[in-house]
Every structure is written in structure tokens, then in C-alpha cells.
Amino acid sequence: MKKGIVILFAATLGLAACNQYKKGPGGLMYTIHKDGGKDKIKEGDIVKLNFIQKTEKDSVTVNTWDMDAPQVFPVQKKVYAGDMNDVLTLFGEGDSATFKLDLDTVAKYSGQPKPANTKDKYLVFTIKVEKVLQKGKGEADSTFQKKARDFFEKDYKANIERLKGAEAGKIKKYIADNNLKTTTTASGLQYVISKPGNAEKPVLGDTMMVNYTGKLTTKKSDGKDNVFDTSDEKIAKESGKHNPMATYGPRPITLGRAIPGFDEGLKLIGKGGKMTLIIPSNLAYGEGGMQQGGISPFSPLVFEVELSDIKKPKTAPTGTPGATIAPVTTTAPAAAGHEGHKH
């Protein structure tokens, strides 16, 4: 866990225990853990923010530190008292704080009902304002926009270089921490086969029925595995990734339509086989990452997989030579599948 996050959590717990929240507009509750002493954020400023979003029962729904992906956005004109844009004007660069948005107020003014089955009154955010770019007095909009573009483009490139430079170390540390004896292929894929399975191995076009859990090589802020997708319902619930609309259990993935590292790895085991894959980013989501899945640029991935079955493509009716039929899943793993969305 990063030192800054430890301090922030400690401050959050301490102040929450003392119930030192201040009341703000629109049912807002907030407390500032650290005041950076800078000017407060104004409408039109551009901010770079790290945050943890969670329910009142401490169920984390978003953590930008875990994703290594701080958010950058312009502060808009507030729509109602106590909305997100209004809240940010209470803070400045360098500030860390916790605030609670009143869900009834949000529902009333946004027109969006509260989440189904929730009994929470508040949505809780713990934030760190990393950077504020403020428009100077009398500064032309075009000048400010160019300054903002130049600054954040430079900041983005520096972050990408940092992530790129850290990748090899992340892989090495994960292998050492888990005492793994891996085999490395020519492509750079590393793997450990715990159960080879039978002699039947998948070939291009086969549909593999796969149990899997995909995670990052780095732990979450709470010290738990940083799972981004899984076919195991128990793990999904434990990691906060449960989707009530998903079908859990072995999922169909067509060989040749997954990310390259997943495809390469699964060809090494037979039906019934189990293995661990450590996939470098160039065999996964590369320099683009996958924001929706919480995968940053240059993120190496780890998969625990079990190949439970192999289904051969069915031959198409006479008259359409060469065509095959293979099932396509709507619950393909975030980084193992997305059939048709590989990199």
C-alpha cells in the first residue's frame, strides 16, 4: 500500500470516529484531512484528482489509486447546491478530504433514481486533489485552454513513461512474492502449469470452456488481490466485481479471439488442465490499457485458468464451404475475451 494512501486512510478513520463532519449545502457532509493551503477550486478550473468511491457500508466501487489512473476534468457550473461540482469548490490543490453526497438530493435533481435495493443515505468519497490548473485573471479562454492542453499532455506522457518503466519490475516482484517457477516463451509470456490436462489441446477456432480469474500484479490499497474479472461467483463477490446479470461458471472463449497472451497460454494445456499466466502488456492491452476494466496502460496481467472443456466448431450446411459456427459469449472475460475486441 502506498504511504500516501495509508496516511489518508488513517486520517479518514480517525476523523470519522470523532464524527467531525461539517454540514454543507444540499445535505452534503464533509471533512478536510489535510489543507494544502492553496486557493480553492473555482468553476472553469481543471483538476487532477485521485479518489475512492464507496457505500456507507464501506463497499468500494471505484478506487483510482488501485487503477493507477487519476481523473482529469474541468469543473463545471453547479447544477444544484451540494452537487459534485459544488463540493470541489471547498477544496484546493494538495487537499485531502472525505465527503458524503446525499443520494436523495442527487436523485431529486438528476432525475436518476437511487440504486435499487440500496438503504444507504450517502455515497462516500475520499479524495486527494493532485493538481489544479487555474485560469488567470483576464486570461483569454484560448490561452488558458492551450496552457491546459500542454500541461496535461506533458503530465499524461510522463505517467505513461512511468508505467512503461515499471512493468518489468511489477512482473519480477509478483513472481518473487508468490514464489513461482515460471517458464518463459519466445513472446515473453510466463506461465506455470499446475495440471497439464489430457492429450486434447485446443486449436484455432475451438471454443474453450474456461474457469478463470484475472488480476493485476499489484495489490489493492487494502492488501487484497486486484481482481478485474472472474468466472467464479464467490471471488466476484469477495472482490466487489459481482454482476447479477452475469452467468458464472465455465465461460466460452473462442481460441484466436482473445488477447494474444491468453490464446498462447491456453494452447499449452489439455482439457482439464490448470495454469497460471503472467501476461506482459504487449500480449494484453498494451499502451492503451482498458479503462472500463480498470486496466492501466502497460499493465501486466495474471490469470488463474482452468480449461474445463473444448468444443469443436460445427460444420456449416452444404453450400457454404469453409464456414463454421461457434458460440459467442456476452460474458467474455474483461481481459481474456471481449471477442472481436482484442489488441
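User: Why does T105 count as buried?

Analyst: The model is a predicted one. In it, T105 has a relative accessibility of 13%; the limit for buried is under 20%, so T105 counts as buried. T105 belongs to helix 4. Beyond residues up to four places away in sequence, T105 touches G26, Y80 and A81.

User: What makes Y80 and Y109 a stacked pair?

Analyst: Two values decide the matter. The ring centres of Y80 and Y109 are 4.7 Å apart, and rings pair when their centres lie within 6.5 Å. The planes of Y80 and Y109 stand at 15°, whereas stacked requires planes under 30 degrees apart. Both conditions hold, so the pair formed by Y80 and Y109 is stacked.

User: Which parts of the chain does the pair of Y80 and Y109 tie together?

Analyst: Y80 lies in the loop between strand 5 (71–74) and helix 3 (84–88), while Y109 is in helix 4 (residues 103–110). The pair therefore ties together parts 29 residues apart in sequence.

User: Are Y80 and Y109 buried or exposed, and how do you know?

Analyst: Y80 has 12% relative accessibility, and buried means under 20%, so Y80 counts as buried. Y109 has a relative accessible area of 45%. Buried is under 20% and exposed is over 50%, with partly exposed in between, and Y109 is therefore partly exposed.

User: Why is the aromatic pair of F51 and F125 called tilted?

Analyst: A search of the whole structure yields 8 aromatic pairs. In one of these, F51 and F125 are 6.2 Å apart centre to centre, with 50° between the planes. The distance is within 6.5 Å, so the rings pair. The angle is neither under 30 degrees nor over 60, so the pair is tilted.

User: What supports the statement that this pair links distant parts of the chain?

Analyst: F51 is in strand 3 (residues 46–55) and F125 is in strand 7 (residues 122–133), and the two residues are 74 residues apart. F51 counts as buried, because its relative accessibility is 14% and the limit is under 20%. F125, at 6%, is buried as well. F51 and F125 also form one aromatic cluster together with F91 and F99.

User: How do you know that the charged end of K121 sits over the ring of Y122?

Analyst: The charged end of K121 is 5.5 Å from the centre of the ring of Y122. The distance limit is within 6 Å, and a limit of 35 degrees from the ring normal applies too. R251 similarly lies over the face of Y248, at 5.2 Å from the ring centre.

User: Why is strand 13 said to be mostly covered?

Analyst: Strand 13 (residues 274–279) has 6 residues, and 5 of them are buried.

User: What makes strand 9 and strand 14 pairing partners of strand 13?

Analyst: Strands pair if at least two bridges are found between them. Strand 9 (residues 190–195) and strand 13 have 5 bridges and pair in the antiparallel sense. Strand 13 and strand 14 (residues 301–311) are joined by 6 bridges and also run antiparallel. Both counts satisfy the requirement, so both pairings stand. On one side, Y191 stands opposite L277 in strand 13; on the other, I279 has L301 in strand 14 as its bridge partner.

User: Which residues have the most contacts inside the largest nonpolar core?

Analyst: They are V210, F262, L266, L277, L301 and F303, in a core of 27 residues. Strand 10 (207–219), helix 7 (260–266), strand 13 and strand 14 each supply at least two residues of this core. Strand 14 gives the largest share, 5 residues. Apart from sequence neighbours within four places, V210 is in contact with residues including F262, L266 and V305. Another core, lying apart from the largest one, has 17 residues, among them L49, F51, L88 and I127.

User: Why does V203 count as partly exposed?

Analyst: V203 has 43% relative accessibility. This value lies between the limits of 20% and 50%, so V203 counts as partly exposed. V203 is located in the loop between strand 9 and strand 10. Setting aside neighbours within four places in sequence, V203 is in contact with L255 and K312.

Methods
Residues numbered from 1 in each chain as written. Predicted model: local features only at pLDDT ≥ 70, side-chain atom pairs only at ≥ 80, totals over all residues. Heavy atoms only, no water. Phe/Tyr/Trp six-rings, centres within 6.5 Å; stacked < 30°, edge-to-face > 60°. Helix = DSSP H or I, 4+ residues; strand = E, 2+ residues; numbered from the N terminus. Buried < 20%, exposed > 50% of the residue type's maximum accessible area, 1.4 Å probe, protein only. Contact = heavy atoms within 4.5 Å. Core = buried A, V, L, I, M, F, W, Y, C linked by side-chain atoms within 4.5 Å.
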